[in-house]
Amino acid sequence: MSAVEIDGLTKRYGDVIAVSELSLSVDRGEVFGFLGPNGAGKSTTINVLLGFLDPTAGEVSVLGTDVTADPQSVKARVGLLPEAFEPVPNLTGREHVAAAIETKRADDDPDALLDRVGLAPEAARRPADDYSTGMFQRMALAVALVGEPDLLVLDEPSAGLDPNGVQLVREIVREESERGAAVFFSSHILDEVERVSDRVGILRDGELTAVNSVENLREDLGMGSVVSATVDAVPDLDPIRAVDAVTDVSADDSIVRVACAAPGAKMSALRRLDDRATVADVTIEESSLEDLFEAYTTGRSGTGDGDAGDGATGQSGGGESSAAGSTADAATAGGDRA
Ligand SMILES: Nc1ncnc2c1ncn2[C@@H]1O[C@H](COP(=O)(O)OP(=O)(O)OP(=O)(O)O)[C@@H](O)[C@H]1O
């Protein structure tokens, strides 16, 4: 059974189509990165997923339950880190987490959760409305983790975090996925998404233009990698150009650069080069998720023959919406709050 199954989701706000005919599934234990420019429809999708908004059309089931029919039982099994989590005035960080544990009828130790997200005990005893953005984000993450949820929905989990915090989020996402939870998260930090996601979905004007692993998206667009090899003398390069999925070969005095559209081409090209010259050093530069993101959200493909914007797997329509966030949302979904 999938953790998330979205079938033909459309959400309209009056004349605005925020999400259109979006279909998507996320497996248990999978880390799914949800990307898209501002206003693409990410928060709208998340809000529907969690039962905060009703779909205009389509079906959404979470952990095998129809969200529209039974939003409460879905919320009880989901941990949510909303885009905007508003603190309860004067409530300490620890009290926020304790309230979430009570709301979810979970048996977590609040101190252990706060320790896991790196919020020091002294800080946890201070009112959360005095927290820095990063401290607040750590507390909100602890709230999301309450009750070992089967699905974690994280809207911009690294917003406001320092590099150590970003690294911590990555570790927690991995641990949760290893425990068997699905993780559905949106982020504008593409490096983070690439490091942690099994697959990514890219939304553009409410339409899902691509769903795949980053590696496969690179391959689809022909935006693979560039192998740069330092050689003693540049040989005839035609045999290297003849390797399958090699899209370009160039050289200067001692460096041969080979653009590869598929992972397998790198070693084949290198072997041929090594047969014809002495290779002293090699570096490999992968096209970044930034490049892919640009290609899929503007229709501009970087180097390859791929046709960005056609949609590798997904579909949907355009729009934008409001975020799932807020204290109340976290309370009901992931659970906290007094
Ligand atoms: N309550 C609303 N009423 C009317 N239009 C809305 C409403 N909420 C969102 N929209 C529209 O739906 C579209 C999708 O917005 P949404 O917030 O889902 O995008 P997003 O991808 O989450 O953006 P961001 O990255 O900026 O958070 C936007 O064009 C927005 O104008």
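This passage describes the domains, sheets and helix contacts of a predicted model.

In this predicted model, the protein is divided into two parts by the domain assignment, with domain 1 covering residues 4–216 together with 314–333, and domain 2 covering residues 224–286. The C-alpha centres of domain 1 and domain 2 are separated by 42 Å.

An open sheet is formed by four strands, which follow one another in the order β2-β1-β4-β5 and pair in the antiparallel sense. At its edges stand β2, spanning residues 16–26, and β5, spanning residues 65–66, each of which pairs on one side only. Within this sheet, strand β1 (residues 4–13) is joined to β2 by seven bridges, and the two strands run antiparallel. Along this pairing, E5 is placed opposite S25 of β2.

A further open sheet contains six strands in the order β6-β7-β8-β3-β9-β10, and its pairing is mixed. Its edges are occupied by β6 (78–81) and β10 (207–212), each of which has a single partner strand, so that one side of each remains without a neighbour in the sheet. From one strand to the next, the twist of this sheet averages 15°. Strand β9, which comprises residues 199–204, runs antiparallel to β10 and is connected to that strand by five bridges. One residue at the end of β9, R204, has E207 in β10 as its bridge partner.

Helices pack against the six-stranded sheet, and one of these is helix α6 (residues 133–145), which touches β6 and β7 (151–155) and has a direction at about 170° to that of β6. Another is α12, which lies across β3 (31–35), β9 and β10 and runs at about 40° to β9.

Helix α6 also packs with helix α3 (residues 93–103), the axes of the two coming within 9 Å of each other and crossing at roughly 20°. Because angles under 35 degrees count as roughly parallel, α3 is described as roughly parallel to α6. The crossing in which α3 passes α6 is right-handed. On the side of α3 the contact is made by G93, H96, V97 and A100, while α6 contributes M139, A142 and V143. When the residues of this contact between α3 and α6 are sorted by class, five are nonpolar and two are polar, whereas none is charged.

Helix α12, formed by residues 289–298, in turn packs with helix α9, formed by residues 214–221, at an angle of about 60° and with the two axes 10 Å apart. The helices α9 and α12 are therefore oblique to each other. In this arrangement α9 passes α12 in a left-handed crossing. The residues that meet here are V214, L217, R218 and L221 in α9, and L289, L292 and A295 in α12. Of the residues that make up the contact of α9 with α12, six are nonpolar and one is charged, and there are no polar residues among them.

Technical notes:
Residues are numbered from 1 along each chain as its sequence is written. This is a predicted model: local features need pLDDT of at least 70, side-chain atom pairs count only at pLDDT 80 or more; totals for chains, interfaces and linings use all residues. Axes are lines fitted to C-alpha atoms, for helices over the stretch in contact, and angles run from 0 to 180 degrees between N-to-C directions. Angles under 35 degrees count as roughly parallel, over 145 as roughly antiparallel, 65 to 115 as roughly perpendicular and the rest as oblique. A crossing is left-handed if the near helix is turned anticlockwise from the far one by less than a right angle, and right-handed if clockwise. Two residues are in contact if their C-beta atoms, placed from the backbone, lie within 7 Å. Ala, Val, Leu, Ile, Met, Phe, Trp, Tyr, Cys and Pro count as nonpolar, Asp, Glu, Lys and Arg as charged, and the others, Gly among them, as polar. Two strands pair if DSSP finds at least two bridges between them. Domain bounds come from an automatic or database domain assignment.
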